[in-house]
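User: Please take a close look at the surroundings of the ligand in this model. I would then like to see how that part fits into the rest of the chain.

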Amino acid sequence: TKWVYSFGGGTAEGRAADIEMLGGKGANLAEMCTLGLPVPPGLTIITQACNEFYKAGRHLNAELKAQVTSGIARIEALTERSFGSNDHPLLLSVRSGARASMPGMMDTVLNLGLNDETVAGLARDAGDERFAWDSYRRFIQMYGDVVMGLGHDLFEDILEDEKARCGRELETEMTAEEWRAVVVRYKQVIEEEAGEPFPQDPQTQLWGAIGSVFASWLNPRATTYRMLHNISQEWGTAVNVQAMVFGNLGNSSATGVAFTRNPSTGENLLFGEFLVNAQGEDVVAGIRTPQNITEAQRIASGSEKPSLEKLMPEAFGELLAICRRLEAHYRDLQDIEFTIERGRLWMLQTRAGKRTAKAALKIAVDMVEERLISRDDAVARIDPASLDQVLHTTIDPQARRTVIGSGLPASPGAASGAIVFTSEDAVRARKEGRDVILVRVETSPEDIHGMSAAVGILTSRGGMTSHAAVVARGMGLPCVTGAGNLRVDLRNGLLIGGGLSLKAGEIITIDGSSGQVIKGAVPMLKPELSGDFARIMEWADASRRMRVRTNADTPADARTARAFGAEGIGLCRTEHMFFEGERINVMREMILASDEAGRRAALAKLLPMQRSDFVELFSIMHGLPVTIRLLDPPLHEFLPKAEDEIAEVATRMGLTPRELSERIDALHEFNPMLGHRGCRLAISYPEICEMQARAIFEAAVEAARQTGAAVVPEIMVPLVGLKAELDYVKASIDAVAREVIGAAGLPIDYLVGTMIELPRAALRAHVIAESADFFSFGTNDLTQTTFGISRDDAAQFLETYMRKGIIEKDPFVQIDYDGVGELIQIAAERGRRTKNALKLGICGEHGGDPTSIRFCEERGLDYVSCSPFRVPIARLAAAQAAI
Ligand code: ADP
Ligand code: MG
Ligand code: MG
């Protein structure tokens with residue numbers, strides 16, 4: 001096996017494309033060599049060797065060692081130095097480098113090859129004693145920490161002690177003699193603590209360091225990092241062994257890191273920091289305040305210390321030219337590491353730089369203008385999920401914050417407001433014009449009005465798909481759920497956490513993008529929807545095939561979604577209109593009526609309310625398609641639960657609390673999700689469906705007259721499993737349509753379709769399609785019914801499933817390709833076999849998830865529908881899926 005790939009001297013055995021084999025660092029070092037950039041020569045041990053290392057019980061095999069040895073011979077030839085010799089000693093860095101960048105998670109050892117003798121050779125070569133001893137103490141410390149596992153603090157304590165003893169404030173002030181004393185103490189402490197001396201033999205040092213870098217793949221922080229970032233534990237790390245160049249060789253030497261453009265604003269200006277007379281780890285360790293690279297950056301930051309541009313103009317000029325070269329080559333923002341040794345610039349690393357969403361948008365747009373990338377490249381490059389950062393108000397990253405607790409980032413954006421513990425208080429505060437955060441243990445449908453009156457929602461219980469989370473996302477409200485380290489003490493009206501007790505009325509800030517809960521108000525950044533964002537969205541729209549609609553239950557939702565570019569409504573859940581204000585009372589009257597006449601009387605009161613809602617929705621959508629779903633949830637969801645509320649409702653209805661409780665009990669279901677809901681309601685109580693259909697058609701007539709735009713309502717029948725169910729409901733819709741349209745004398749086109757949310761419906765799609773103009777995949781219920789998992793109860797065990805590797809992704813967040821996905825595919829194929837023009841869409845939460853959107857594109861769906869704030873994300877994801 002070829003375990004080792006060499007680079008240096010203007011050539012390399014690997015290239016950037018070999019990232020799986022060489023790791024990111026090794027592949028890009030090789031690429032930079034081939035580009036002719038100044039890179040210290042070295043070699044890369046491939047990632048597969050890491051897996052072999054573990055298989056062999058943490059041993060390096062002889063074949064690998066032989067290849068490393070001949071690779072080092074090549075480095076010796078190129079540098080005219082020799083490893084382990086006193087005469088022109090070669091020093092090496094031994095660096096980790098996985099396929100995916102894992103900054104700072106694994107180990108690196110610098111200055112390897114130094115011992116009590118080679119240190120003299122190094123001093124002689126450089127003509128600088130101090131530098132040699134500085135390098136030696138650095139090496140012993142890193143080796144003792146990384147390879148011998150003695151811990152950083154042991155050495156830091158000695159260092160601080162010696163600095164104090166010598167009266168030095170900065171490490172750069174230490175003399176050769178003083179460093180020599182530190183070295184003596186370092187070696188002593190190693191012998192004491194490890195029970196063996198610091199190894200003087202460079203070969204021993206080398207194999208020890210390589211083994212440690214492999215071993216660092218499995219250190220706890222690296223393992224955790226991979227889990228958090230979805231990086232496979234199987235990949236292993238490569239090891240890069242490279243000739244050292246020295247940033248600590250006096251005041252004409254330096255080391256630094258830079259971004260080819262500003263990674264937080266995207267501005268096209270080199271951006272970074274460096275330290276004079278230092279080695280790499282000093283910049284990260286923050287022992288001295290680093291200096292700015294450009295003059296512009298120095299002036300902006302108000303720093304007194306000279307920039308690299310001023311201090312070392314020649315090296316700076318070279319760095320600038322290299323950065324341009326790298327960008328032109330990689331056609332992306334690069335994050336680089338460099339060292340200047342006595343005025344000479346060396347490149348030590350390059351990789352695609354991490355950036356904020358704002359910077360990502362600006363860089364992509366600028367690079368199109370600079371003709372570096374195409375529009376499709378620009379669109380493909382933006383992470384759709386990151387748009388949340390620009391669509392919502394966010395906390396100023398510079399802001400100081402007192403975090404009192406944290407939970408799940410359930411709905412993005414940040415908000416500050418006074419604490420309220422009840423929905424009534426939230427509504428009252430809104431009327432008084434105050435901003436409030438609704439703080440609850442969890443929320444229920446009765447909290448809708450309180451939630452919509454708040455600027456943010458915080459719950460101490462519940463997951464990413466809890467009621468609070470789903471509703472908040474729909475409303476575009478920031479929300480943190482499941483903040484288990486906060487206690488909501490309703491009895492005493494306190495929010496307790498982080499050692500503080502906050503009363504109602506005190507101000508808190510929640511960050512729904514990170515899950516943080518913060519005391520007081522913090523400075524915020526407003527969303528920026530024009531400029532670069534608008535350009536990218538325009539290009540995305542030009543490249544996508546699928547339409548993007550919104551799930552909107554209220555005129556406010558519909559307006560927001562239009563502003564975000566929704567091309568219609570894919571799901572209007574009419575029941576949400578029944579919770580508002582007085583309507584809930586009329587709804588309860590209808591539900592509790594003892595006969596059809598009673599129900600019809602109540603429905604007659606609901607009709608004008610529903611009609612005016614629809615008129616508004618149709619007008620806002622101005623000719624765009626609007627899909628309205630008939631009443632779906634089981635009726636008892638509308639009934640009071642708490643005793644005092646039951647008493648109040650009973651009084652209003654002229655019943656005793658006891659009588660009302662009995663009615664409520666009669667409506668109780670053991671398994672409401674599979675109970676008396678969806679089209680089953682329309683079949684049991686046709687008068688409900690008739691009222692809704694009438695409201696829709698009358699509204700369509702009125703809106704068409706008002707706006708002059710054609711209104712084509714799409715009426716959607718929920719939870720259909722049998723064609724006969726759809727036929728029954730459709731017949732009554734058609735009858736109402738004939739009557740209303742006839743009376744108005746205005747032709748109104750309309751569609752009647754069904755949700756596909758039961759496996760039976762998917763399987764019988766060819767038959768159901770005979771009666772349906774469209775299918776909309778209700779993937780929330782379809783996932784529940786396919787898995788037989790109730791979404792409301794799933795949080796308790798899905799989390800365990802994911803931790804134990806039984807499932808990889810929450811199927812309520814990302815569509816289950818294999819099971820639910822196959823049902824969708826079957827339904828799409830069979831439905832279209834019957835009716836070629838059958839319109840297909842998706843309206844579950846998945847409609848806003850980029851991976852699920854890709855699935856919809858692959859299956860040829862006509863549109864996706866998602867909550868208003870996810871519309872831009874869906875537009876971008878739909879384009880990426882089509883490119
Ligand atoms: P990380 O992946 O944590 O960034 P690196 O392997 O990049 O670790 O090493 C950290 C730092 O060590 C580099 O930024 C650089 O400053 C320094 N370094 C690594 N290799 C060399 C070298 N050959 N010569 C000089 N400094 C080096
Ligand atoms: Mg690095
Ligand atoms: Mg459903």
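Analyst: In this predicted model, ligand 1 is surrounded by 17 residues. The closest of them are S93, R95, T108, G280 and E337. By character, the shell around ligand 1 consists of 7 nonpolar, 8 polar and 2 charged residues.

Several strands contribute to this shell. At least two residues each come from strand 6 (92-98), strand 7 (108-112), strand 8 (237-243), strand 12 and strand 13. In terms of domains, domain 1 (1-115 + 202-244) and domain 3 (254-287 + 294-312 + 329-355) each provide at least three residues of the shell.

Two of the strands just named, strand 12 and strand 13, belong to an open sheet of 5 strands, whose order is 11-10-9-12-13 and whose pairing is antiparallel. At its edges are strand 11 (291-292) and strand 13 (344-352), each of which pairs on one side only. Helix 13 (residues 313-330) packs on this sheet, where it touches strand 12 (334-341) and strand 13. The direction of helix 13 makes an angle of about 150° with that of strand 12.

Elsewhere in the sheet, strand 9 (residues 254-259) is paired with strand 10 (residues 271-276) in the antiparallel sense, over 6 bridges. Within this pair, V257 has E273 of strand 10 as its bridge partner. As a general point, the strands of a sheet pair through backbone hydrogen bonds, either parallel or antiparallel.

The UniProt record places an annotation on this part of the chain. An unreviewed entry gives "domain: Pyruvate phosphate dikinase AMP/ATP-binding" for residues 61-295 and 309-370. The span 309-370 is 55% helix and 27% strand, and its end C-alpha atoms lie 25 Å apart.

The wider chain may now be considered. Besides domain 1 and domain 3, the protein chain is divided into domain 2 (127-200), domain 4 (393-525) and domain 5 (544-634 + 669-882). Between the centres of domain 2 and domain 5, taken over C-alpha atoms, there are 69 Å.

Two further annotations come from unreviewed UniProt entries. For residues 435-515, the name listed is "domain: PEP-utilising enzyme mobile". This stretch, 435-515, is 19% helix and 35% strand, with its end C-alpha atoms 19 Å apart. The annotation "domain: PEP-utilising enzyme C-terminal" covers residues 530-881. Over residues 530-881, helix accounts for 56% of the chain and strand for 11%, while the end C-alpha atoms are 24 Å apart.

The chain also contains a closed barrel of 8 strands, which runs 27-28-29-30-31-32-33-34 with parallel pairing. From one strand to the next, the twist averages 25°. One pair in the barrel is formed by strand 33 (residues 839-842) and strand 34 (residues 863-866), which are joined in the parallel sense over 2 bridges. In this pair, I842 stands opposite V864 of strand 34.

Note on methods:
Residues numbered from 1 in each chain as written. Chains lettered and ligands numbered in written order. Predicted model: local features only at pLDDT ≥ 70, side-chain atom pairs only at ≥ 80, totals over all residues. Pairing = 2+ DSSP bridges. Helix = DSSP H or I, 4+ residues; strand = E, 2+ residues; numbered from the N terminus. Contact = placed C-beta atoms within 7 Å. Axes fitted to C-alpha atoms, helices over the stretch in contact; angles between N-to-C directions. Near = placed C-beta within 6 Å. Nonpolar A, V, L, I, M, F, W, Y, C, P; charged D, E, K, R; others polar. Domains from an automatic or database assignment. UniProt positions renumbered as here; feature names shortened; annotations may be inferred.
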